[in-house]
Amino acid sequence: MIRRVLTGSFLIASTAYLALAATAADQDLRTQALGVFKPLPATMASDDNPITPEKVALGRLLFFETRVSVDGTVSCSRCHQPFLYGTDALPKPIGAEHRVNPRNSPTVLNAALQISAHWRGDRKDVEDQATKALIGFPSFGNPDFGVAMARLKAIPGYAPLFAKAFPGQADPITPDNWGKAIGAYERTLVTPAPFDAYLGGHDAALSRDAKAGLQEFMDVGCVACHSGAGLGGTMYSKFGVTEPYWKATGSKGIDKGRFDVTKDSGDMYVFKVPPLRNVAMTPPYFHDGSVAALPDAVRIMARVQLGKTLNDEQVAHIVAFLDSLTGKLPADFVGVPTLPPSAFAETPSQPAARGGAPRLPTATSPGAGHYK
Ligand code: HEC
Ligand code: HEC
């Protein structure tokens, strides 16, 4: 009896000891991780484009709007699908008039955290990106902003929404405000993941393999480039530091990266280091979508960026860690909105047929409630 009690208390004591040791190991790992990574912020607010509920609501509609593109088929969401974590799963997306884009679509989730937008950093921020997409040849395909705005103005339901989002402006339907509304929406698309819970003190949020992978990610040297809240998006780097990238990826074309933007020879094959948030959900990988599987992408990175060959266990652990960066999709990204109707607008050539000016729905008219 006494022995049982003693054995029992020994077991309890040793379990408690192991738990304490585990907690101490977790605390060490967490401290080390917090030195290079940060939990995601609640929103990615910017001073230049403050987030307001009106802008976000409008931006969300515009993100899904196809009718502003030159052939009426292209919206932001075509290449940044909610059900594919803000990507389209193609190596290179297809835009207006079936044009193939030169590079892979990165996710829009957490994208506003970065120093710039696009693989080569040739867009300043998410607002600049959204505005220029309107006239991107393989994107919305409009010949100029005037055509894009005429298409937007032809959908009467937007006028009151732009007026609310940009109060006091005489003609708020502008390319700049299109970018600001969509940008404000994108700045809310944050996806906290198990990794954030772990950084916040929840030891059980990561599996043992994911913790081993986190340690490996830091020890092997991935953190030299993939750091901060996004695990990337903070700097540019040559792709293929130790050998040409295309030898490892099997890429068909060779993209000179930022060199084509800056014409500086130091920028040859330089790309923005992409964030690794939700990376397990966003294949295929790299700027040209040349690699389909995450373990392969991890091996290639170690090889061409660090000159290292990882063993199977290291790869499995790093992949488990990267999987812990898969976050919860924001509710207003998963749920698709109903867009303002265009049927009530009379074509400019025919208004007289019904007598008088076309009746435009206002924010308080019955039709306006459809697209909340
Ligand atoms: C036809 C497909 C397509 C459409 C339509 C499209 N995008 Fe993209 N998006 C891409 C591609 C491809 C890239 C990368 C381009 C590059 O780096 O050269 C990209 C890049 C981005 C980025 C930068 C992400 C990063 O990590 O650098 C953001 C943000 C973004 N798009 C948002 C939008 C928004 C908002 C719209 C609508 C206004 C839009 N996209 C329309 C394909 C598309
Ligand atoms: C010297 C900087 C550097 C280091 C070190 C580095 N990376 Fe990268 N990583 C990059 C760049 C740059 C890209 C984009 C390459 C391109 O243009 O396609 C990238 C892309 C990736 C991608 C593909 C992301 C996507 O969305 O397509 C993954 C996954 C990745 N890195 C993981 C890792 C891992 C794991 C390590 C450590 C073994 C690592 N990286 C080390 C710079 C680096």
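**View 1. Helix 4 and its surroundings in the predicted model.** Helix 4 (126–133) has eight residues, six of them buried, so the helix is largely enclosed by the rest of the structure. Val-126, Glu-127, Gln-129, Ala-130, Thr-131 and Ala-133 are the buried residues of helix 4. Their cover includes helix 3 and helix 7. Helix 4 also borders ligand 1: with four residues, helix 4 gives the most to the shell around that ligand.

**View 2. The shell around ligand 1.** Ligand 1 is surrounded by 26 residues, and the closest are Cys-76, Cys-79, Gly-95, His-118 and Trp-119. Two or more residues of this shell come from each of helix 3 (76–79), helix 4 (126–133) and helix 7 (175–186). By class, the shell around ligand 1 holds 14 nonpolar, eight polar and four charged residues.

**View 3. Helix 7, a mostly covered helix.** Helix 7 has 12 residues, and 10 of the 12 are buried. From first C-alpha to last, helix 7 reaches 16 Å, close to the 16 Å expected at 1.5 Å a residue. The buried residues are Asn-177, Trp-178, Gly-179, Lys-180, Ala-181, Ile-182, Gly-183, Ala-184, Tyr-185 and Glu-186. Against them pack helix 2 (53–64), helix 3, helix 4 and helix 6 (158–165). Helix 7, like helix 3 and helix 4, gives two or more residues to the shell around ligand 1.

**View 4. The loop between helix 3 and helix 4, with Ala-89.** Most residues other than glycine have a negative phi. In Ala-89, phi is positive, near 65°. Ala-89 has 17 C-beta neighbours inside 10 Å and therefore counts as partly exposed; 20 or more would be needed for a buried residue.

**View 5. The shell around ligand 2.** The 26 residues surrounding ligand 2 have Cys-222, Cys-225, Phe-271, Phe-286 and Met-301 as the closest. Helix 12 (residues 294–306) gives the most to this shell, with six residues. By class, the shell around ligand 2 consists of 20 nonpolar and six polar residues, with no charged residues.

**View 6. Phe-271 in strand 2.** Phe-271 is one of the closest residues to ligand 2, and its place is in strand 2 (residues 270–272). Because 22 C-beta neighbours lie inside 10 Å, Phe-271 counts as buried. Leaving aside neighbours within four places in sequence, the contacts of Phe-271 are Trp-119, Arg-120, Tyr-236, Phe-239, Gly-257, Arg-258 and His-287. Trp-119 is also among the closest residues to ligand 1. The C-alpha atom of Phe-271 is separated by 7.5 Å from that of Gly-121, although the two residues are 150 apart along the chain. In the chain overall, among contacts between residues at least 6 apart in sequence, 71% join residues at least 24 apart.

**View 7. Two loops on either side of strand 2, with Lys-263 and Pro-284.** Lys-263 is in the loop between helix 11 (259–262) and strand 2. Its phi is near 60°, a positive value in a residue other than glycine. With 9 other C-beta atoms within 10 Å, Lys-263 is exposed. Pro-284 is in the loop between strand 2 and helix 12. Most peptide bonds are trans. The bond from Pro-283 to Pro-284 is cis, with omega near -5°.

**View 8. Helix 9 crossing helix 13.** The axes of helix 9 and helix 13 (residues 312–323) come within 7 Å and cross at roughly 105°. Helix 9 is therefore roughly perpendicular to helix 13. The contact residues divide into nine nonpolar, three polar and three charged. On the helix 9 side they are Asp-209, Ala-210, Ala-212, Gly-213, Leu-214, Glu-216 and Phe-217. These meet Gln-314, Ala-316, His-317, Ile-318, Val-319, Ala-320, Phe-321 and Asp-323 in helix 13.

**View 9. Helix 9 and the residue that follows it.** Helix 9 (residues 208–220) has 13 residues and reaches 18 Å from its first C-alpha to its last, close to the 18 Å expected at 1.5 Å a residue. Buried in helix 9 are Ala-210, Lys-211, Gly-213, Leu-214, Glu-216 and Phe-217. An α-helix has 3.6 residues a turn, so residues three or four places apart point the same way. Helix 9 is followed by Gly-221, which has a positive phi, near 115°.

Technical notes. Residues numbered from 1 in each chain as written. Chains lettered and ligands numbered in written order. Predicted model: local features only at pLDDT ≥ 70, side-chain atom pairs only at ≥ 80, totals over all residues. Near = placed C-beta within 6 Å. Nonpolar A, V, L, I, M, F, W, Y, C, P; charged D, E, K, R; others polar. Expected span 1.5 Å × (residues − 1). Contact = placed C-beta atoms within 7 Å. Axes fitted to C-alpha atoms, helices over the stretch in contact; angles between N-to-C directions. Parallel < 35°, antiparallel > 145°, perpendicular 65-115°, else oblique.
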